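Hi,

Here is the structure I said I would pass on. Have a look at it first, and then read my notes below.

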Amino acid sequence: MIDIKLIRENPELVKENIRKKFQDEKLPLVDEVAEFDKQFRDAKTKGDALRGDRNRISKEIGLLMREGKKDEAEAAKQKVKDLEKELQDLEESEEKLQDEIKKRMMVIPNIIDPSVPIGKDDSENVEIERFGEPVVPDFEIPYHTDILESLDGLDLDSARETSGNGFYYLMGDVARLHSSILSYARDFMIGRGYTYFIPPFMIHGNVVNGVMSFSEMQNMMYKIEGEDLYLIGTSEHSMIGRFMNRTLKKDRLPYKLTSYSPCFRKEVGAHGIEERGLYRVHQFEKQEMVIVCEPEDSKKYYDELWHNSVDFFRSLDIPVRTLECCSGDLADLKVKSCDVEAWSPRQKKYFEVGSCSNLGDAQARRLGIRIKGEKGNYFAHTLNNTVVAPPRMLIAFFENNLQADGTVRIPEPLRPYMGGQEILVPKKEKKNTL
């Protein structure tokens, strides 16, 4: 949510930002907010004047009574009652105007960073840099579900019976590898000075509204029936919510946190053939990183966050690239965002395995996260990024570590978590289908 001062002082800047995000249908909201805000401020000015009159007349009543001017005192009391009724009506009007303003402000997109490329959708995102040499081996790489099934590590059929599409059972060495990746990610981030958290996996509706846009919520969140609780889509939601309505001390900043959680997502929409299996699922686990900082430091920490992800994947010998998200691909609360994509030797292209975002003060403004400054309080900046999110990361892992004989190499950093194992060996024949 942007500062309403921007609409008061520079509405054209807000409109131009909406155009850059190709959301022209939202342009009328700026003028509507400006008009409601004018009415609200006029009502507040009138209300302040009425309150002043009420207080002045109330003081006069006692004086009139002491002077024996009973009729004048009764007239003054009636005037106070009339003012009270007028004030009550005015305050109700103020509340309705505030609601109308907030309803519109919640969907006006955040002001994007000047460095963000202008584009309509993710097809116009811009590659920034590649890390590691992408390799296509001289043997055929099966679809990831076939690799995992050859290791007796995946059961999709049973999951469809128990839970439906988009769910899975991981088993044996594959399940252990999945947990090993998360444990390594935890220790990797602790080693970089981040404090480890396991947060609540359900949050209240006001936290959901604070951390994401309404459209994101509709497409992502599962609501607990009959309760004001939602299953989190990422631990960022509850981690940022932890600071709600708090005033932070400058000398404690930045807060650099890394959190583990299961994640639950509706994943609304049709998906292509490359999104079968473990690519797009309703339940997965993730190691996240979150920073709450001074506004002037958020650009610096944005770069730190995406570098953490790149370094993590490169430590496991997986080639990656970073991709700058264009204006039309940015969620409404984001100032700037980039995706980290891993190399898929089977598809001979990169695919998304994480997303790094600077949200400026949008979440802090919605949730009331302030910093105590010498000249008054101001809103913090919040950032988040994925360290690793298996099972999608498993796809990149198995494709990049598969050997010609069907075995899978375990990179050295994961071996202590795998009981010293160096390779995974197939337990049954791979399917012929891709």
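Arg392 lies over the face of Tyr279, 4.1 Å from the ring centre. There is a second arginine of this kind: Arg242 sits over the face of Phe243, at 5.4 Å from the ring centre. Bear in mind throughout that this is a predicted model.

On to rings meeting rings. Searching the whole structure turns up 10 aromatic pairs. One of them is Phe131 with Trp306, a tilted pair with 6.2 Å from centre to centre and 55 degrees between the planes. This pair links distant parts of the chain, since Phe131 belongs to strand 1 (residues 126-131) and Trp306 to helix 11 (residues 298-315), 175 residues apart. Both Phe131 and Trp306 are buried.

Tyr184 and Tyr417 make another pair: their ring centres are 6.3 Å apart and their planes at 55 degrees, so this one is tilted as well. Tyr184 lies in helix 7 (residues 172-190), while Tyr417 is in the loop between strand 17 (408-409) and strand 18 (423-424), so the pair ties together parts that are 233 residues apart in sequence. Is each partner buried or partly exposed? Tyr184 is buried, because its relative accessible area is 11% and the cut-off for buried is under 20%. Tyr417 has 24%, so it counts as partly exposed. These two tyrosines also belong to a cluster, in which ring pairs link Tyr184, Phe188, Phe312, Phe313 and Tyr417.

Now for the strands. Which way do strand 12 (residues 336-344) and its partners run? Strand 11 (residues 320-324) is joined to strand 12 by 5 bridges, and the two run antiparallel. Strand 12 and strand 13 (residues 349-358) are antiparallel too, with 9 bridges between them. If you want to trace the register, Glu324 stands opposite Cys338 of strand 12, and Ser337 has Ser357 in strand 13 as its bridge partner. The hairpin of strand 12 and strand 13 has 4 residues between the strands, and Lys348 there takes a positive phi near 60 degrees. Strand 12 is largely enclosed by the rest of the structure, because 9 of its 9 residues are buried.

Last, something on the outside. Ile190, Tyr196, Ile198 and Phe201 form a nonpolar surface patch, with about 340 Å² of accessible area together. Of these, Tyr196 is part of strand 4 (residues 195-197) and, at 31% relative accessibility, counts as partly exposed.

Cheers

Methods: Residues numbered from 1 in each chain as written. Predicted model: local features only at pLDDT ≥ 70, side-chain atom pairs only at ≥ 80, totals over all residues. Heavy atoms only, no water. Patch = residues over 30% accessible without salt bridge, like charges linked within 9 Å, V, L, I, M, F, W, Y side chains within 5 Å. Areas by Shrake-Rupley, 256 points an atom, 1.4 Å probe, with all protein chains shown as cover. Salt bridge = Lys/Arg side-chain N within 4 Å of Asp/Glu carboxyl O. Buried < 20%, exposed > 50% of the residue type's maximum accessible area, 1.4 Å probe, protein only. Pairing = 2+ DSSP bridges. Phe/Tyr/Trp six-rings, centres within 6.5 Å; stacked < 30°, edge-to-face > 60°. Lys NZ or Arg CZ within 6 Å of the ring centre and 35° of its normal.
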